[in-house]
Amino acid sequence: MNNLADNIWSFDGEAVPFFTLPYTTRMTVIRLSCGSLWIHSPIRLDETLKQQIDQLGPVRYLIAPNQLHHLFLPQWQQQYPQAQLFGTQGVQQKRADIRFDGVFTAGFSAPWQDDIEQLLFTGSAVMEEAVFFHKASKILIVTDLIENFAPDSFTPLKRLLAKAAGILAPNGKMPADWRLSFLFHKAEARAHMLRIIDWQPEKISMAHGLMVESNAVAFLRRSFSWLNFKQENVQ
């Protein structure tokens, strides 16, 4: 449990295998101005974690930000049946066995909008992701939009694979396969990133890898340079 700022915490979960690489995981929790909890990308729930969560406040919202983050949702729904679950269309199609209370769309009206900005990052036929910005702390919250693994997370061979995919810190990016899927839709992705930059985040909390603790806008410019920004558009 790591207190990132007032009313926002991160919790590191276990590593899960993905394309032979050990993906470390992170959950972000925000206490909304109403006092209830908003939980992004839930990790495995055990008794210790449940006690920590219950001390922070009542769980009201569970967030499945893309189709890859769904493994532990049933655990959380069982323990917090009063919580509402929201996710992208992709994750809802993948997990038809789970009850969702709302789907993220471009025009989604969030019940947490007083505390958190959000955007649906689209333009790829492979996957879309809901991205969030906690206004009070100026922390951007992403899942796979950026992966930024510490080099010592991998064996030497797997470190080379991670570097080739563009997901090795301090130069983490969107994974190469997802990046390539925007080949014909860069303008759409560029518009999304310009809006994110307009939020002026100061830090980035991501599900996989090292957090960006400062100079978040400069990091975003570098990480998404493949979108061919015009310099005047990102200042």
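**View 1. Leu157 sits out in the open on helix α4.** With 62% relative accessibility, Leu157 counts as exposed (the cut-offs: buried is under 20% relative accessible area, exposed is over 50%, and partly exposed is in between, using a 1.4 Å probe and protein chains only). This is a predicted model, so local features need pLDDT of at least 70 and side-chain atom pairs count only at pLDDT 80 or more, while totals for chains, interfaces and linings use all residues. Residues are numbered from 1 along each chain as its sequence is written, and side-chain values use heavy atoms, leaving out hydrogens and water. Leu157 belongs to helix α4, residues 156–165 (helices are DSSP runs of H or I with at least four residues, strands are E runs of at least two, and both are numbered from the N terminus).

**View 2. Leu157, Leu160 and Leu161 make a nonpolar surface patch.** Together these leucines offer about 330 Å² of accessible area (Shrake-Rupley method, 1.4 Å probe, with only the protein chains shown counting as cover for residues). Patch members have over 30% relative accessible area and no salt bridge, with nonpolar side chains (Val, Leu, Ile, Met, Phe, Trp, Tyr) joined within 5 Å and like charges within 9 Å. A salt bridge here is a side-chain nitrogen of Lys or Arg within 4 Å of a carboxyl oxygen of Asp or Glu.

**View 3. Strand β5 pairs with β4.** Of the 6 residues in β5 (59–64), 5 are buried. β5 runs parallel to β4 (residues 37–40) over 4 bridges; strands pair if DSSP finds at least two bridges between them. Ile39 has Leu62 of β5 as its bridge partner. Add helix α1 (residues 47–56), and β4, α1 and β5 give a right-handed β-α-β unit (right-handed: with the strands pointing away from the viewer, the path from the first strand over the helix to the second runs clockwise).

**View 4. β5 also joins β6.** The two strands run parallel, linked by 4 bridges, with β6 spanning residues 84–87. Ile63 is partnered with Phe86, and Ala64 stands opposite Gly87. Helix α2 (residues 73–79) completes another right-handed β-α-β unit with β5 and β6.

**View 5. On to β7 from β6.** Strand β7 (residues 102–103) is joined to β6 in parallel by 2 bridges, and Phe86 has Gly102 as its partner there. The chain takes a right-handed crossover from β6 through helix α3 (residues 89–94) to β7.
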